[in-house]
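I opened this one to jot down what stands out, going from a single residue outward. Notes follow in the order I looked things up.

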Amino acid sequence: MKDENQKYLWWQEGVIYQIYPRSYQDSDGDGVGDLQGIIQRLDHIKSLGMTAIWISPIFSSPMADFGYDISDYCDIHPLFGTMEDFDELLQAVHDRGMKLILDLVPNHTSNEHPWFKESRSSKDNPKRDWYIWEDAKEDGSEPNNWLSVFGGSAWEWDEKTQQYYYHAFLKEQPDLNWRNPEVQEAMMNVMRFWLDKGVDGFRVDVMWHMIKDDQLRDNPTNPNYKSHQATYEKLIPAYSTDQPEVHDIVHMMRKVLDSYDERMMIGEIYLPIHKLMTYYGTDKNGAHLPFNFLLLSTDWDAGEIASNINQYEAALPEGGWPNWVLGNHDQSRISSRVGQDQARVAAMLLLTLRGTPTIYYGDEIGMRDVPIPEEEVQDPQGLNMPGLNLSRDPQRTPMQWDDSENAGFSPSKPWLPLPADYRRVNVKAQSDDHGSMLALHQRLLNLRQEEDALRIGHYKPMEAQKPLLAYMRYTSNTRFLILLNLSHKTCHFHPEHFQFEGTIEIDTLPEREGTEVKDKISLSGDEGMVIRLKHL
Ligand code: NOJ
Ligand code: MG
C-alpha cells in the first residue's frame with residue numbers, strides 16, 4: 001500500500017470539536033458562555049480525545065447574527081472576555097497538545113465595522129469600493145433580483161448616498177467587495193494577526209459566497225421551490241455564489257497559511273460534490289478541508305448514504321483529504337434529525353469513515369434540539385421568516401454538564417433555555433454509564449486514535465442489503481468491518497461472496513462487545529458494530 005509511510009498532519013489524523021461559545025460554559029454568571037468557561041472545560045474535550053477545537057466567532061460584534069457580524073476582526077467581544085483571556089485559552093489548548101481553529105468571516109462585516117461606516121459616508125470615500133454599491137434601476141428598484149439568505153431582497157437602499165448595497169445575509173452584514181485588492185490585503189492581515197499569535201487554522205465562513213458575478217446578472221428561478229422553504233430558495237444562486245474567481249481568493253488565503261508551519265483552513269461550502277471538490281484547488285492549493293456536508297443533507301437511508309459516500313470518495317482529487325460532518329450551529333441536531341437511537345449509529349458512522357470528523361458540541365451526549373417558545377426566539381433567521389420553523393436556536397442551547405441548576409452551564413438564567421430532561425441527559429450522568437452516548441463516543445474515539453486502519457487506512461464499500469450499510473477500513477495488517485443498521489428493525493448480514501471471522505470490538509449495544517462472529521451476523525434495530533477481522 002503506497003501511502004502507509006506517508007506523514008499525516010494533525011488535521012488529517014485528528015478529530016475536530018466545534019464549540020458555539022455562547023453555549024459552552026459561562027464563567028462570569030451573565031448566562032452567556034465565554035472564553036474562561038471554555039478554559040474550565042478543556043479537560044472534558046481533551047479526555048474525549050479531540051485534536052482540535054473550532055470556536056464560532058468571539059470577535060467584536062453588535063451580535064445581529066450572534067457574532068457572524070464582525071465590527072473588529074482583531075478584538076474579542078467583552079461578552080466572551082478579553083484578549084488576555086484569549087491568549088490564555090490558546091496557551092491552555094496548546095499545553096494540552098490540542099489545536100485551536102478560529103472562525104474567519106471574510107465575506108461580510110457588520111454594518112458597524114469602521115470600514116463600512118467609512119464606505120457608506122459618501123460616494124467618493126476611499127473605502128466606497130470596499131463594499132458592493134450599485135445604482136437603482138431606472139424605476140428605483142433593486143439592481144438585480146438577488147435574495148438574502150435570511151429573507152427578502154439582498155439589496156438595501158442607502159438614503160444618504162442614494163445607492164443600494166448588497167448583503168447576502170442580514171442588512172446588518174454588508175458583503176465586502178473581494179475584487180478590491182485593498183480588501184484582499186486587509187483580510188490577509190487579519191489572518192496574519194491571528195496566525196502570528198499561534199492560532200492553528202481557520203474555518204472560513206461561506207467561502208463559496210465570496211465573489212459575485214462582475215456584471216451582477218439576475219439569478220435564474222428555481223423550478224423546484226416549495227412554499228415551506230425559505231424565500232432564498234426561490235432562485236438558483238448561479239451568479240451570486242461559486243464564481244470561478246473565488247478560487248484565486250482561496251489560493252491567496254492558502255499562501256498566507258503556507259507561510260506558517262502546519263496551519264490549515266476549512267471552507268464552509270454548501271455545494272454538490274463535484275463543485276465542492278474544486279475548493280481543494282488545482283494542485284491542492286485551495287482549502288485543506290472543504291467541509292463535506294453530505295451527512296446533513298442525505299436522506300437517512302442506507303442506499304442513499306452508501307451511494308453518497310462512494311461518490312464523494314470517487315470524486316476526491318489526488319491527495320485531497322476527506323472529512324465528514326454530522327452537525328453544526330446552523331443545522332438541526334443529529335439526535336433530532338434521525339432520533340436518539342440512530343444517532344448512536346450515526347456517531348459510529350462519523351468516527352469510522354475515512355477522513356477528518358467534526359463533532360458539534362453536545363452531540364457526544366446526544367443532546368437534542370430544544371423547543372424554544374415563539375416569543376423567546378433569538379435567531380434572526382427564525383425571526384425574519386416566522387412560521388417556517390427556521391430558527392437555529394434549538395441547536396444552540398447550553399451544554400448539559402450535570403444535574404445541578406442550569407445544568408452546570410451557568411449560575412444564572414442561560415441565554416437560551418435547557419431541555420426538560422437535562423437532569424438525566426448530561427455529561428456527568430453519562431460518564432459512569434458504559435451504555436451511554438458519551439461512553440460510545442469515548443470508545444470510538446479511543447479506537448480511532450489507536451488504529452491506523454481507522455485513522456488513515458483505506459475505505460472499501462461492502463455489498464449489503466438495505467437497511468444495512470457496510471464497509472471495510474484497513475491497512476496491510478489490520479482490517480475492520482463496519483456494519484450499521486440504519487433502521488429500527490432487525491436485519492442480517494450474510495454476504496454471498498465474502499467469508500469472514502472476527503470479534504466485535506465496539507457495538508452500540510456494548511453487551512455484544514467481545515463476541516466472536518463468523519460469516520453471518522444478525523443485528524438488532526439501531527445497532528452498529530465495528531468488527532476486527534481475523535488475519536487472512
Ligand atoms: C454561516 C454561519 O455558519 C451562519 O451561522 C451565519 O449566520 C452565516 N454564515 C452568515 O455569516
Ligand atoms: Mg459569561
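**Entry 1: a strand residue.** I started with isoleucine 506, which sits in strand β18, residues 501-507. A reminder to myself before going on: this is a predicted model. Buried or exposed, I wondered about isoleucine 506? Its relative accessibility comes out at 3%, and the cut-off for buried is under 20%, so isoleucine 506 counts as buried.

Next I listed what isoleucine 506 touches, leaving out residues up to four places away in sequence. The list has Met348, Leu440, Arg443, Leu444, Leu447, Glu513, Gly528, Met529 and Val530. I checked one of these, methionine 529, by backbone distance: its C-alpha atom is 5.7 Å from that of isoleucine 506, though the two are 23 residues apart along the chain.

**Entry 2: the magnesium ion.** Which protein atoms are the donors of the magnesium ion (ligand 2)? I found Asp26 (OD), Asp28 (OD), Asp30 (OD), Val32 (O) and Asp34 (OD), lying 2.2 Å from the ion. Written along the chain, the donors of ligand 2 follow the spacing D-x1-D-x1-D-x1-V-x1-D.

I then looked up accessibility for two of these donors. Aspartate 26 has a relative accessible area of 3%, so I put it down as buried. Aspartate 30, at 34%, is partly exposed.

**Entry 3: two helices.** I moved on to helix α4 (residues 83-95) and helix α6 (residues 181-197). Their axes are 11 Å apart, and the packing angle is about 55 degrees. Roughly parallel runs under 35 degrees and roughly perpendicular starts at 65, so α4 and α6 are oblique to each other.

Which residues make the contact? From α4 I noted Met83, Phe86, Asp87 and Leu90, and from α6 Phe193, Trp194 and Lys197. Sorted by type, the residues of this α4 and α6 contact are 5 nonpolar, no polar and 2 charged.

**Entry 4: salt bridges.** How many salt bridges does the structure hold? The total is 33. I picked three to look at.

Arginine 192 pairs with glutamate 185, with 3.2 Å between the closest N and O atoms. Arginine 192 is partly exposed at 28% relative accessible area, and glutamate 185 is partly exposed at 40%.

Arginine 396 and aspartate 330 form another salt bridge, 3.1 Å from N to O. Arginine 396 is in the loop between α13 (380-384) and α14 (427-431), while aspartate 330 is in the loop between β12 (323-325) and α11 (334-338), so this pair ties together parts that are 66 residues apart in sequence. I also checked burial: arginine 396 has 1% relative accessibility and counts as buried.

My third pick was arginine 423 with glutamate 405, at 3.6 Å from N to O. Both residues lie in the loop between α13 and α14, so here the salt bridge ties together parts that are 18 residues apart in sequence. Arginine 423 is partly exposed at 45%, whereas glutamate 405, at 56%, is exposed.

**Entry 5: a network.** Last, I went back to arginine 396 and aspartate 330 to see what else they join. They belong to a network of salt bridges that links Asp65, Asp330, Asp379, Arg392 and Arg396.

Notes. Residues numbered from 1 in each chain as written. Chains lettered and ligands numbered in written order. Predicted model: local features only at pLDDT ≥ 70, side-chain atom pairs only at ≥ 80, totals over all residues. Heavy atoms only, no water. Donors = N, O, S within 2.8 Å, 3.2 Å for Na, K, Ca; no water. Buried < 20%, exposed > 50% of the residue type's maximum accessible area, 1.4 Å probe, protein only. Axes fitted to C-alpha atoms, helices over the stretch in contact; angles between N-to-C directions. Helix = DSSP H or I, 4+ residues; strand = E, 2+ residues; numbered from the N terminus. Parallel < 35°, antiparallel > 145°, perpendicular 65-115°, else oblique. Contact = heavy atoms within 4.5 Å. Nonpolar A, V, L, I, M, F, W, Y, C, P; charged D, E, K, R; others polar. Salt bridge = Lys/Arg side-chain N within 4 Å of Asp/Glu carboxyl O.
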